[in-house]
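Welcome, and please open the model in your viewer. We will walk through it one selection at a time.

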Amino acid sequence: MAEEAAPDAATAAACARCRKPSALCVCAALAPVETRHFTLILQHPQERDEPLGTAWLAHLQLRPSRLVAGLSWPSLTAALGRPASASRWGVFYLGAAAPEGPARAPLTALGRRGAPLADQAAALAALDGIILLDGSWSEAKALWWRNPWLLKARRLVLAPPAPSLYGKLRREPRRDSLATIEAAAFALAALEGDPGLPARILAPFALLLDRYRATQPRRPAPGASPGVANRRRRH
Ligand SMILES: [Zn+2]
């Protein structure tokens with residue numbers, strides 16, 4: 001890890017606004033989207049320099065939103081920087097699959113035992129904002145367990161209406177295969193009843209992936225030396 005560190009060099013070469021390396025700059029596609037719900041992103045510290053990370057993009061695209069990097073905060077109020085009650089916020093619950101069936105809703109509120117609540121409309125309407133855990137599966141799990149106040153938040157599970165734009169670029173399985181910005185976009189679209197939100201929110205993410213693919217050598221056959229190219233921090 002030590003040889004890979006060099007975060008200062010990476011930051012110095014990055015765009016000051018979108019924080020991507022200049023070859024991946026997505027500022028041209030940034031157009032902040034106003035939402036009624038607040039988006040709070042808790043970012044695992046090791047996720048910060050990922051070239052394909054989307055937490056900062058989500059923060060730039062969503063208003064209001066806040067991104068904080070760390071492992072634990074004493075309360076939602078501390079993470080948010082202003083008084084707030086966790087019971088009025090939704091958090092994506094790790095380890096729960098969306099309920100199956102023909103009436104599969106894009107966003108489902110769960111009770112304490114993980115079962116869908118009877119009155120979904122009331123549970124979702126009571127939310128002031130959503131909390132996203134940004135990191136790999138294990139990083140998100142660490143954030144979950146280190147912040148017990150998350151247990152007071154309404155547990156949400158997302159049934160993504162579309163597969164992730166990441167496609168095959170992901171180098172490890174993620175908790176729901178969605179980028180953080182995608183989870184925010186789909187959840188906000190469901191909460192606000194606005195199916196047009198994801199396309200607007202995700203524009204810089206789509207550009208990021210286009211630019212990233214353009215910097216990559218032609219991809220080897222599936223299964224050949226996975227992830228080696230992606231692990232490089234400099235482009
Ligand atoms: Zn930029």
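**A walk through the model**

Begin by selecting Pro64, which sits in strand E2. Keep in mind that everything on this tour is a predicted model. Now add Arg63 to the selection and look at the link between the two: the peptide bond from Arg63 to Pro64 is cis, and its omega is near 5 degrees. As background, most peptide bonds are trans.

**Step back: the whole chain**

Clear the selection and colour by secondary structure. You should find eight helices and six strands. Followed from the N terminus, the elements come in the order α-β-α-β-α-β-β-α-β-α-β-α-α-α. The protein has 235 residues, of which 34% count as buried. Among contacts with a separation of 6 or more, 72% link residues 24 or more positions apart.

**The sheet**

Next, show the strands alone. They form an open sheet of six strands with mixed pairing, in the order E2-E1-E5-E3-E6-E4. Strand E2, at residues 62-69, where we began, is one of the edge strands, and strand E4, at 107-110, is the other; each of them pairs on one side only. Direction ignored, neighbouring strands in this sheet are turned by 30 degrees against each other on average.

What holds such strands side by side? Strands of a sheet pair through backbone hydrogen bonds, either parallel or antiparallel. Zoom in on E4 and on strand E6, residues 154-158, for a case to look at: the two run antiparallel and are joined by four bridges. Select Leu107 there, and you will see Leu158 of E6 standing opposite.

**The loop between H1 and E1**

Move to the loop that links helix H1 (7-12) with strand E1 (33-43), and select Cys25, which lies in it. Is Cys25 buried or exposed? It counts as buried, because it has 20 C-beta neighbours inside 10 Å. Which residues does Cys25 contact, once its neighbours within four places in sequence are left aside? They are Cys15, Cys18 and Lys20. Try the distance tool on Cys25 and Cys15: their C-alpha atoms are 6.4 Å apart in space, and the two residues are 10 apart in sequence.

Stay in this loop between H1 and E1, and pick Arg19. Arg19 has a positive phi of about 65 degrees, although it is not a glycine. For context, most residues other than glycine have a negative phi. Arg19 is also buried, since 20 other C-beta atoms lie within 10 Å.

**The loop before E6**

Now go to Leu150, in the loop between helix H5 (137-146) and E6. Leu150 has 22 other C-beta atoms within 10 Å, so it is buried. Not counting residues up to four places away in sequence, Leu150 touches Val91 and Trp144. Add Tyr93 to the view as well: Leu150 and Tyr93 are 57 residues apart in sequence, with their C-alpha atoms 9.4 Å apart in space.

**Last stop: two helices**

Finally, select helix H6, residues 180-192, together with helix H7, residues 197-215. Their axes come within 8 Å and cross at roughly 165 degrees, which means that H6 is roughly antiparallel to H7. The crossing of the two is right-handed.

Show side chains where the helices meet. On the H6 side, look for residues including Ile181, Phe186 and Leu188; on the H7 side, the residues include Leu197, Ile201 and Phe205. By class, this contact of H6 with H7 has 11 nonpolar, no polar and two charged residues.

Definitions and conventions. Residues numbered from 1 in each chain as written. Predicted model: local features only at pLDDT ≥ 70, side-chain atom pairs only at ≥ 80, totals over all residues. Axes fitted to C-alpha atoms, helices over the stretch in contact; angles between N-to-C directions. Parallel < 35°, antiparallel > 145°, perpendicular 65-115°, else oblique. Left-handed = near helix turned anticlockwise from the far one by under 90°. Contact = placed C-beta atoms within 7 Å. Nonpolar A, V, L, I, M, F, W, Y, C, P; charged D, E, K, R; others polar. Buried ≥ 20, exposed ≤ 12 C-beta atoms within 10 Å, placed from the backbone. Pairing = 2+ DSSP bridges.
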